[in-house]
Amino acid sequence: MGRRNRNRQRDGGAEGKRSRDAGWGAGYADIVKENKLFEHYYQELKIVPEGEFEQFMEAMREPLPATIRITGYKSHAKEILHTLKEKYFKEIQDLEVDGQKIEAPQALSWYPDELAWHTNMSRKILRKSPLLEKFHQAIPPNLLHILILDMCAAPGSKTAQLIEMLHADMDVPFPEGFVIANDVDNKRCYLLVHQAKRLNSPCIMVVNHDASCMPRLLVEQNGKKDILFYDRVLCDVPCSGDGTMRKNIDVWKKWTTSNSLHLHGLQLRIAVRGVEQLAVGGRMVYSTCSLNPVEDEAVIASLLEKSEGALELVDASADLPGLKYMPGITSWKLMTKEGQWYSDWSEVPTSRHTQIRPTMFPPTDQEKLLSMKLERCMRILPHHQNTGGFFVAVLVKKAPMPWNRRQPKEGDGETPTEGHPCNSNAPENPPEPEAKKDGVCGPPPSKKMKLFGFKEDPFVFLTEDDPVFPPIQAFYDLSPDFPKLNVLTRTHEGKKRHLYMVSKELRNVLLNNSERMKVINTGVKVWSRNNDGEQFGCAFRLAQEGIYTLYPYIRARVINISVEDVKILLTEENPFLSRLGDDAHAQAKKLEMGSIVLRYQPDPNDPSAPQCPIELCGWRGKTSIRAFVPRNERLHYLRMVGVEVFRDKQGKKEGGAAATQEGNTEGQEEPGQEAATEQEGSDTEQNGSAESKTNVRGVLVL
């Protein structure tokens with residue numbers, strides 16, 4: 001590792017600068033955006049309407065424009081949208097960079113509530129103009145009772161959208177649903193955690209499994225164990241990615257038909273496992289960023305054939321008004337990387353049978369093919385709406401899968417039959433997990449588990465009479481309905497450093513599946529231990545990432561603040577209490593030192609102010625007050641209240657005293673004894689941990 005880093009430093013001089021200055025495609029200067037085999041293959045398959053192939057190829061060679069998606073709690077997202085429309089979008093209108101006129105971003109008609117926008121700007125253009133750079137920095141890197149499984153979730157943008165669905169109503173701290181996000185790659189799971197933590201949800205669990213053999217989970221209902229089935233399953237499977245050539249330039253030289261042939265079997269296994277886990281009446285979305293029918297319609301056709309009527313393709317076009325797409329195709333053939341074509345399995349020589357399988361071809365029975373309605377699949381072509389290339393199919397499960405149709409035993413559910421590759425994951429009489437007896441989900445990781453990447457500490461649920469609760473209950477005056485059983489920590493021994501919360505549904509899953517799943521992360525942090533905090537009445541301070549989950553239960557230590565108070569608290573390091581408005585100042589003087597909630601309540605008579613509640617964690621010191629908010633979230637709230645903060649080309653901050661807040665990151669501890677010197681709530685641990693800088697809401701560039 002050390003040698004690799006030194007090489008990077010050695011190459012980072014003038015040559016490295018030239019590479020960086022290449023803009024779009026930096027590092028790929030020698031790659032010619034041309035692949036004759038690719039063109040020949042797709043021309044022959046006729047996936048592009050007649051007369052449009054040149055447009056299709058021209059679009060593939062152009063850089064992918066930036067797309068903006070506004071994320072976070074719905075009311076916060078609306079405030080960010082208002083700021084973008086009223087300020088940043090107007091500022092860049094009619095701007096020209098390198099002779100290119102910058103068009104105002106346009107809302108995607110098919111995305112709900114104008115929360116996704118399309119531009120004609122590549123990332124290179126975004127960074128060329130100071131005004132556009134400022135616009136780019138205004139974009140921080142950032143329902144229902146629905147049980148959702150995201151089978152191949154990393155890096156996590158789709159997972160984030162699923163979480164947002166659950167948290168559409170900010171007044172509901174624990175929506176009655178959850179998202180289980182899985183990825184086979186342990187390292188990518190941590191990237192997934194990084195993305196998911198932006199949403200600060202107690203309803204997300206990240207797990208690390210092979211999606212093609214995803215374990216069946218158990219839940220306890222009415223005193224009995226039942227198989228967990230999901231209302232929604234997302235299968236965004238690994239694919240050849242030839243629809244991403246506009247941003248992943250190395251695909252041009254690496255593309256070959258063999259890529260799809262090698263992936264087809266895995267994709268089909270993942271899809272089969274997905275529908276097995278789907279509840280009857282539920283929906284599964286199968287998607288790829290590939291245009292190859294071997295990875296797309298061939299998988300869907302094979303899945304429908306295996307289902308014997310249990311699955312049906314859904315026409316989802318009504319849910320996506322304004323989206324331009326091509327229907328799924330019903331006829332295709334295969335080509336080897338040497339250029340040999342096969343139209344039917346009967347033509348494939350025996351020597352190719354390990355590489356080419358019968359499921360890669362369309363069904364030969366025309367009546368069966370028509371009944372599948374493959375035209376209901378959706379193909380998104382790059383030149384139709386200036387996008388990448390995608391394939392999407394929506395399936396509804398009408399009955400159990402044929403191999404699951406035996407009469408289940410009481411409390412069993414739909415279980416794989418004998419001989420199924422995942423049979424071991426669903427025992428007919430599931431044993432009582434030993435870990436449940438003491439509220440622990442999973443044993444401490446062994447050295448072997450750590451060696452191979454599974455190094456997570458166990459999840460230990462607190463009991464209602466845990467000694468940690470009385471001082472917390474008294475200090476914050478928690479309401480009687482506070483769900484103590486949903487609180488967990490990550491250690492068996494010693495003092496509890498952080499306290500987390502999960503929804504009751506995820507608690508059920510955790511306690512009943514300790515031997516079945518590898519949990520990487522779950523829950524949202526609500527309290528962190530404060531050094532010497534007992535002298536202020538409570539050893540735990542509030543954590544900003546969990547404040548929207550916790551606030552509905554807090555009945556004490558809340559200060560109502562104005563917009564001007566928000567600006568002061570987020571732009572000044574340790575403002576004196578007297579810097580607050582009269583009302584907030586009077587409230588603060590009545591409180592003892594320690595952790596507090598700073599709450600802004602919107603005023604409908606002041607439309608220029610944010611029209612959504614804002615809750616900030618803070619610290620009431622001896623003579624001062626401090627907002628204890630991570631840097632990125634701090635910048636997000638500042639933009640919501642109209643304070644402009646951005647980086648210049650040298651990485652320095654502009655926009656006032658907010659630039660001084662670099663060190664204020666969440667997940668770190670305060671030196672309680674320093675309160676007398678006006679350092680209440682300051683952080684003492686080293687800044688820059690992955691956890692401390694992932695707590696972001698705002699706008700996300702896809």
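This report goes through model confidence, the annotated binding site, one helix and a few loop residues of a predicted model.

## Confidence

The chain has an average pLDDT of 77, and 68% of its residues score at least 70. Among the elements of the chain, helix H12 has the highest confidence, at 97. The lowest is found in strand S32 (residues 699-701), where the mean is 31.

Two stretches call for separate mention. Residues 1-28 stay under a pLDDT of 50, and the model gives them 19 contacts beyond four places in sequence. The pLDDT is also below 50 over residues 407-454, a stretch with 106 contacts in the model beyond near neighbours in sequence.

## Annotated binding site

An unreviewed UniProt entry lists ten positions under "binding site": Cys152, Ala153, Ala154, Pro155, Gly156, Ser157, Lys158, Asp183, Asp210 and Asp236. Two of them, proline 155 and aspartate 236, are described here.

Proline 155 sits in a loop that follows strand S6 (147-150) and precedes helix H8 (157-166). The peptide bond leading into proline 155 from alanine 154 is cis, with omega near 5 degrees. Proline 155 counts as partly exposed because its relative accessibility is 37%, which falls between the 20% limit for buried and the 50% limit for exposed. Apart from neighbours within four places in sequence, the contacts of proline 155 are Arg188, Leu191, Leu192 and Gln195.

Aspartate 236 belongs to strand S11, which covers residues 230-236. When residues up to four places away in sequence are set aside, aspartate 236 touches Cys152, Lys158, Ser287 and Thr288. Of these, Cys152 and Lys158 are also on the UniProt list. The side chains of aspartate 236 and lysine 158 make a polar contact at 3.1 Å.

## Helix H11

Helix H11 runs over residues 257-277 and has 21 residues. From its first C-alpha to its last, H11 reaches 31 Å, close to the 30 Å expected at 1.5 Å a residue. The helix has a bend of about 35 degrees at leucine 263. H11 is mostly covered, with 16 of its 21 residues buried.

## Loop residues with positive phi

Asparagine 222 is not a glycine, yet its phi is positive, at about 55 degrees. This residue lies in the loop joining strand S9 (218-221) and strand S10 (224-227). Its relative accessibility is 81%, so asparagine 222 counts as exposed.

Glutamate 308, again not a glycine, has a positive phi of about 50 degrees. The loop that holds glutamate 308 lies between helix H12 (297-307) and strand S13 (311-314). H12 is the element given above as highest in confidence. Glutamate 308 counts as exposed because its relative accessibility is 59%, over the 50% limit.

## A buried loop residue

Where is valine 48 placed? Valine 48 is in the loop between helix H3 (36-45) and helix H4 (53-61). The relative accessibility of valine 48 is 9%, under the 20% limit, and therefore this residue counts as buried. Its contacts, not counting residues up to four places away in sequence, are Phe53, Phe56, Leu381 and His383.

Note on methods: Residues numbered from 1 in each chain as written. Predicted model: local features only at pLDDT ≥ 70, side-chain atom pairs only at ≥ 80, totals over all residues. Heavy atoms only, no water. UniProt positions renumbered as here; feature names shortened; annotations may be inferred. Helix = DSSP H or I, 4+ residues; strand = E, 2+ residues; numbered from the N terminus. Buried < 20%, exposed > 50% of the residue type's maximum accessible area, 1.4 Å probe, protein only. Contact = heavy atoms within 4.5 Å. Polar contact = N/O pair within 3.5 Å; in protein donor to acceptor, adjacent residues only side chain to side chain. Expected span 1.5 Å × (residues − 1). Bend = angle between axes of the 7 residues up to and from the residue. pLDDT = per-residue confidence, 0-100.
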